[in-house]
Amino acid sequence: MDPIYLIIVIILLGLAVLDLSVGVANDAVNFLNSSIGSKVAPLWVILTVASVGVMLGTMFSSGMMEIARSGVFHPEMFSFKNIMVLFLAVMLTDVILLDVFNSLGLPTSTTVSLVFELLGAAVAVALFSIWQAQGGDIAQYINSGKALAIISGIFVSIAIAFVVGSLIMFLTRIIFSFKYKKSFMYLGAIWCGFALTAMTYFIVFKGLRGSPFVVTDFLNLIEADMAKSLLVTFAGWTAIMAILQFVFRVNILKIIVLVGTMALALAFASNDLVNFIGVPLAGLDAFKHAGDISAAGGSIDTLYMDSLNGPVKADFRMLLAAGVVMVLALWFSKKAKTVTETEVNLARQGTGLERFSSTPLSRSLVRWGVDSNKAVNRLVPNSMRNKINSRFVISDNTMADSGMSFDLIRASVNLTIAAMLIALGTSLKLPLSTTYVTFMVAMGTSLADRAWGRESAVYRITGVLTVIGGWFITAIVAFTVAGLVAAILAWGGKVAVFVMFALVMFLLYKSSKFHKKRKSAQAAQAVLLEDESGIVNTSTTEVRDSMKSMLDIYHKNIKGIKEENRNSLRKIMLRADELYQKYKDKRTYEVVPTIQSITLKELDIEQEYVQIVDYTYEISKALRVITSDSSLYIENNHKGFNDDQEKDLEDLSKKVANMYKIFIDMMEKKDYSNFDSITDIRDEIIDQCAKLTKKQIRRVKEKECSTRNSILFMNILNETKTIVLQSVNLMKSQRNMTLTMEKFSNEEIK
């Protein structure tokens, strides 16, 4: 046998380890977000409980392994060589795709990525085989019926999870309300008994069937009288919870959340392990089968892989090793924390800094929701409506004070419903997406719990739509890239194998550096905004950088008009628009949450901080007008400015640049004693703009310039006045903030 196949197997097993790491980093959000969001316990306790669930789940995952072998394609139609190419293409694509989503902090579906990668690679390899054989039918290679059933089941789970999560959360909140301590004393044991019974039924009775480590006869005996088994289980759990609650004074909700975390981690591992090691193990089995044939004197060139249609035999050592890798990734992966932050942020009860902005679609959905709510309110009697609303009133700030994103009631619902649905999918041998289910359950409970208020709904919906859109992108990219990689491997042979593997390693290295740099910047920003000194230093740096950027844009725009350089003006316009969007979002979404999140003793600093953002926004808006008008003017091939106009604008640009440079020097030296020179330059520029306007009017009367030429020239003058006036206001606010900080620091020392 050619040694290249052994190398491919080694690469597949190595990629399996990488895939376990990046896969757990993305899927950890599925079972950690409720525990972390509700602050149920210290992080090390949460991770320990989840690790136990993961290790148990790996022992019960063999029932799904055939999905990677024959769920999407017919292996008997593929030769040994082509099946190895197919599996290698899938793993190379999967590692990179999941790592990209991790770096962006977006949860995606490992199941969807696997299914579409298998489908894309199978189609590419099938077409290559048909091309080599000069004939054939691709329908014979692809298990289209099974693939369609898998895909439809995955996407249907989105709606089911959202609806079920919303409904159960609404009913639960009606029963307990946010002030649930009193009602929970009477109903808590029953609620927890129900939750634990549901988890027990779906995890033990359903989710574990098919595992070699579970006694099938015992499960059959229980299922013979399922009603009695459930009743006994419910009574037992309720009694245990009542004893813990009333005798030992234990907060049994914490038990439910921790048990739910372990159960969901178990369901995740048993359901999703196939996504990480199913393909490499299938490749290993194919290699062993080919080795047996070769040892017996047969030819592997004509060997077709119908052996992969056989039942999967779990290898305890492989499962155990996979579990260990997943647990290590769970504890040490920084990207797992990034993905978790995204979902917890979208589900949190309170207001604060929103990661996503609004979109027309999200605004339309919110308007539809508001109108629908008004229509429902007209049909519901006032007394009933008031009674329902009273159950959703948050009377204190306990969640905000403790750092909780939502309470233990919602966390328990998230975990119970998600664990039930995922374990059910596993028991039915469906590659149910744990990400889709847990994310949509969490979003459904957030909606029902009124976490998406009028102040935050558009941003949360944009976030949800972004994540869901990422899922569809996952499917498209997985299919396309896996197909492309498979085609390259099939055509390029041995050289392509080493080149593609090296490329994947390089991309993983670059991705790691990108994520590390991004998180370091966020951490540094968070530290800087902790107190007065931090916010002053942050604002000083930002003002200096923005001034340099704005001055560069203004100067290059004048130069671009003079040279009639369309490409340069287009780039400058994009830079100006990017700057405008940055400060528009900062002004709209960040200023107030930032002030709320930090404790400042000196209110004047907060006021100046708000004004600095506002003035910078106004300057960027004026720059955006200048650059867009200039670019459009030159794009339309209008005649450029004459020599006299160019000289006027260059002189004006030099004065603006001089004003900026003087103030930047003041900031760096922290010496504002000569600030009057700034106002003097401002007055000179305003006076010069007025003179240039009169001068341009005279040109118009003398018909030296066209109408469009004059409009652009005077627009530049008017927007320049705005830039100069707002810039001086910005400089004053920055000066006042710095001087106030110095005064405050001196008083603190005294």
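This report describes the nonpolar surface patch, the nonpolar cores and the cysteines of a predicted model.

## Basis of the model

Residues are numbered from 1 along each chain as its sequence is written, and side-chain values use heavy atoms, without hydrogens or water. In this predicted model, local features need pLDDT of at least 70 and side-chain atom pairs count only at pLDDT 80 or more, whereas totals for chains, interfaces and linings use all residues.

## Nonpolar surface patch

Ile175, Met185, Tyr186, Leu187, Ile190, Ile243, Phe246, Val247, Phe248 and Val250 make up a nonpolar patch on the surface, with about 960 Å² of accessible area together. Patch residues have over 30% relative accessible area and no salt bridge (Lys or Arg side-chain nitrogen within 4 Å of an Asp or Glu carboxyl oxygen), and their nonpolar side chains are joined within 5 Å. Areas follow the Shrake-Rupley method with a 1.4 Å probe.

Helix α7 (181–207) gives the most to the patch, four residues; helices are DSSP runs of H or I, at least four residues long. Phe246 lies in helix α9 and is partly exposed because its relative accessibility is 39% (buried is under 20%, exposed over 50%).

## Nonpolar cores

The largest nonpolar core (buried nonpolar or Cys residues joined through side-chain atoms within 4.5 Å) has 160 residues, with Phe31 and Phe80 among those with the most contacts inside it. Helix α10 (residues 252–295) supplies the largest share of this core, 22 residues. Another core, of 58 residues, lies apart and includes Tyr554 and Met731.

## Cysteines

The whole structure has zero disulfides (cysteine sulfur atoms within 2.5 Å). Cys192 is buried at 0% relative accessible area, and Cys689 is buried at 0%.

Definitions and conventions
Patch = residues over 30% accessible without salt bridge, like charges linked within 9 Å, V, L, I, M, F, W, Y side chains within 5 Å. Helix = DSSP H or I, 4+ residues; strand = E, 2+ residues; numbered from the N terminus. Buried < 20%, exposed > 50% of the residue type's maximum accessible area, 1.4 Å probe, protein only.
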